[in-house]
Amino acid sequence: MSTSRIDTFRAQCPGLSLSTDPGVLESHGQDWTRFRRPDPTAVAFPADNTQVSDLVRAAIATGMHLVPSGGRTGLSGGALAASGEIVVSMDRMRRILHEDPADRLLTVQAGVAIAEVQARARELGLYYPVSFAAEGSAQVGGTIATNAGGIRVLRHGMTRERVKGLKVIDGRGRLLDLNRGLVKNASGYDLRHLMIGSEGTLGIVVEATLRLTEAPPPSRVMLLALDSMPVMMTVLAKLRGSLRLSACEFFSVGALELVCRSFDLRYPLETSADGFLLVEFDVPAASEQHIEEQALAIFDEMLERGWILDGVLSTSEAQKRALWRYREAISEAAAPYTPYKNDLSVRVSKLPDFLQDLTTLAEARFAGCSLLWYGHVGDGNLHMNVLKPEGEETAAFERRCKEASEAIYRLVRAYGGSVSAEHGIGLLKRPFLGYSCSEEEIELMRGIKQVMDPHGILNPGKLL
Ligand SMILES: Cc1cc2nc3c(=O)[nH]c(=O)nc-3n(C[C@H](O)[C@H](O)[C@H](O)COP(=O)(O)OP(=O)(O)OC[C@H]3O[C@@H](n4cnc5c(N)ncnc54)[C@H](O)[C@@H]3O)c2cc1C
């Protein structure tokens with residue numbers, strides 16, 4: 001961009017911190033994906049809502065494009081700025097603005113990290129249930145823009161369930177104050193929900209009012225080695241019928257072995273298996289002994305029936321955390337292998353058949369690549385990561401994966417599923433949106449984009 005254009009932009013945003021430092025452009029111009037080189041013109045660090053509004057107006061006046069950016073932990077390239085855009089970082093908007101324990105609401109700026117929200121909720125004797133491995137860096141704005149899920153969806157739902165109010169700067173620079181923390185509000189279209197999951201293409205989230213919930217009771221974790229993949233849902237149904245589950249995660253032996261190798265961890269069980277189920281369930285103090293006996297009885301029954309081969313039940317908080325580590329560390333362990341991520345979902349009941357068909361297809365299409373399988377099976381959400389073979393060029397690998405993806409997404413469509421369960425469409429999944437949404441839906445989305453961002457300055461080329 002010419003110097004005069006950025007100078008004009010700067011002049012229209014008095015007091016705005018704007019960096020063109022190469023290190024900042026590199027760090028803030030990308031998310032966790034590594035398929036494109038970041039190349040933004042500048043990174044803006046607004047300190048308040050007025051500065052966000054000013055910079056949107058300056059972008060309109062100068063024809064600049066903006067990429068809203070949170071903790072940059074996204075897995076679909078949504079926060080990638082590779083075409084001279086201005087990145088809008090929320091790093092300076094990190095204040096907790098208002099606490100309302102009576103309404104169980106917490107109002108925060110968009111740049112507050114999820115782990116901070118969780119910590120504040122705990123101090124208030126409450127709980128913020130959106131939780132996943134990147135919660136230390138992922139921000140409130142980013143999780144709202146992607147409608148993040150994570151490990152507690154089974155009981156508490158996605159981020160959408162938590163958002164009771166939103167302040168957003170739209171594509172004309174106007175501040176919208178949506179729903180204002182109300183439980184009930186039937187006055188017209190709920191624009192708040194339109195913003196949730198819009199991946200920075202309709203507006204920039206500047207503040208959110210989040211609904212907290214009661215603190216969870218004590219819990220235990222059970223890790224089970226499955227006899228076979230098809231038996232997974234039978235095991236889940238059995239556990240669900242007798243225990244109050246708060247999480248149910250799956251991972252393949254390949255994923256487990258990679259985590260053990262990458263972080264020098266001991267293999268958690270004595271028997272190996274193709275796949276593992278990790279469940280967490282409530283154990284209220286008053287009924288601790290009863291529930292423990294019940295869990296062990298179910299465990300024995302599943303062993304006898306041949307559904308599981310081995311397992312372990314946590315006996316302390318430290319062991320619980322240690323067992324979770326095997327699941328939570330998978331993304332980090334895979335990261336050095338430039339994983340091509342699939343984040344698929346189908347109805348929970350269809351998962352076993354889908355998994356079987358998908359395995360056959362993936363093994364044929366990705367010959368020579370390691371495949372890691374894991375996911376939030378209690379929600380019908382499967383992550384399939386294809387690891388880049390050593391020495392293969394990134395662009396060639398991405399091309400190969402995209403070609404193979406067509407077949408995978410055809411299968412997803414046949415099952416009535418989604419090509420993005422919780423990571424968003426971003427840049428990487430954009431060519432495949434049509435496998436989850438009809439032409440009519442996409443046409444309506446384009447119309448909404450045109451109304452909310454008529455100048456097309458917000459995250460162009462993403463999602464649509
Ligand atoms: C190790 C690891 C584990 C993960 N596990 C999960 C998981 O279990 N479940 C899950 O759902 N996700 C998971 N993710 C993905 C990621 O953490 C989430 O998508 C998260 O919501 C991204 O938040 P962020 O603040 O990092 O957003 P970013 O990556 O910075 O941005 C994501 C998108 O949101 C937009 N955006 C960011 N801030 C704003 C804002 N203020 N206003 C408008 N748009 C904005 C960006 O333009 C981009 O399109 C994981 C990621 C990692 C690295």
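In the predicted model, strand β10, which spans residues 203–211, is mostly covered, with eight of its nine residues buried. Two strands pair with β10. Strand β6 (residues 105–109) runs antiparallel to β10, and five bridges join the two. Within this pairing, V108 has A208 of β10 as its bridge partner. Strand β8 (residues 163–170) also pairs with β10 in the antiparallel sense, over seven bridges. Here K167 is matched with E207 of β10.

V205 takes part in the largest nonpolar core, which holds 119 residues; V205, F276 and L277 are the members that touch the most others. Strand β12 (residues 219–226) contributes the largest share of this core, namely six residues. When neighbours within four places in sequence are set aside, the contacts of V205 are A110, G141, I144, A145, L166, V168 and M195.

At the level of the whole chain, the protein has 15 helices and 18 strands. Its radius of gyration is 23 Å, close to the 23 Å given by the globule rule for 464 residues, so the chain is as compact as a globular protein of that length. Along the principal axes, the C-alpha atoms fill a box of roughly 75 × 55 × 45 Å. Buried residues make up 46% of the 464 residues. Among contacts with a separation of 6 or more, 75% join residues that are 24 or more positions apart.

The domain assignment divides the protein chain into domain 1 (3–92), domain 2 (96–214), domain 3 (219–331) and domain 4 (338–423). The centres of domain 1 and domain 2, taken over C-alpha atoms, are separated by 22 Å. Between these two domains, 17 residues of domain 1 are in contact with 20 residues of domain 2. On the side of domain 1 that touches domain 2, α3 (49–62) and β3 (66–69) each supply at least two residues. The most is given by α3, with six residues. By residue class, this side of domain 1 comprises seven nonpolar, seven polar and three charged residues.

Two residues were examined for their backbone angles. Most residues other than glycine have a negative phi. N147, although not a glycine, has a positive phi of about 50°. This residue is placed in the loop between α5 (140–146) and α6 (153–156). N147 counts as buried because 22 other C-beta atoms lie within 10 Å, where the cut-off for burial is 20 or more. L463 is likewise not a glycine and has a positive phi of about 65°. L463 lies in the segment after α15 (439–452). With 23 C-beta neighbours inside 10 Å, L463 is buried.

A contrasting environment is found for A414, which belongs to helix α14 (residues 394–414). A414 has 12 C-beta neighbours inside 10 Å and therefore counts as exposed, since the limit for an exposed residue is 12 or fewer. A414 and L126 are 288 residues apart in sequence, and their C-alpha atoms are 42 Å apart in space.

Notes: Residues are numbered from 1 along each chain as its sequence is written. This is a predicted model: local features need pLDDT of at least 70, side-chain atom pairs count only at pLDDT 80 or more; totals for chains, interfaces and linings use all residues. Helices (H or I, at least four residues) and strands (E, at least two) are DSSP runs, numbered from the N terminus. The radius of gyration is taken over C-alpha atoms; the globule rule is 2.2 Å times the number of residues to the power 0.38. Two residues are in contact if their C-beta atoms, placed from the backbone, lie within 7 Å. A nonpolar core is a set of buried Ala, Val, Leu, Ile, Met, Phe, Trp, Tyr and Cys residues joined through C-beta atoms within 7 Å. Domain bounds come from an automatic or database domain assignment. Ala, Val, Leu, Ile, Met, Phe, Trp, Tyr, Cys and Pro count as nonpolar, Asp, Glu, Lys and Arg as charged, and the others, Gly among them, as polar. Two strands pair if DSSP finds at least two bridges between them.
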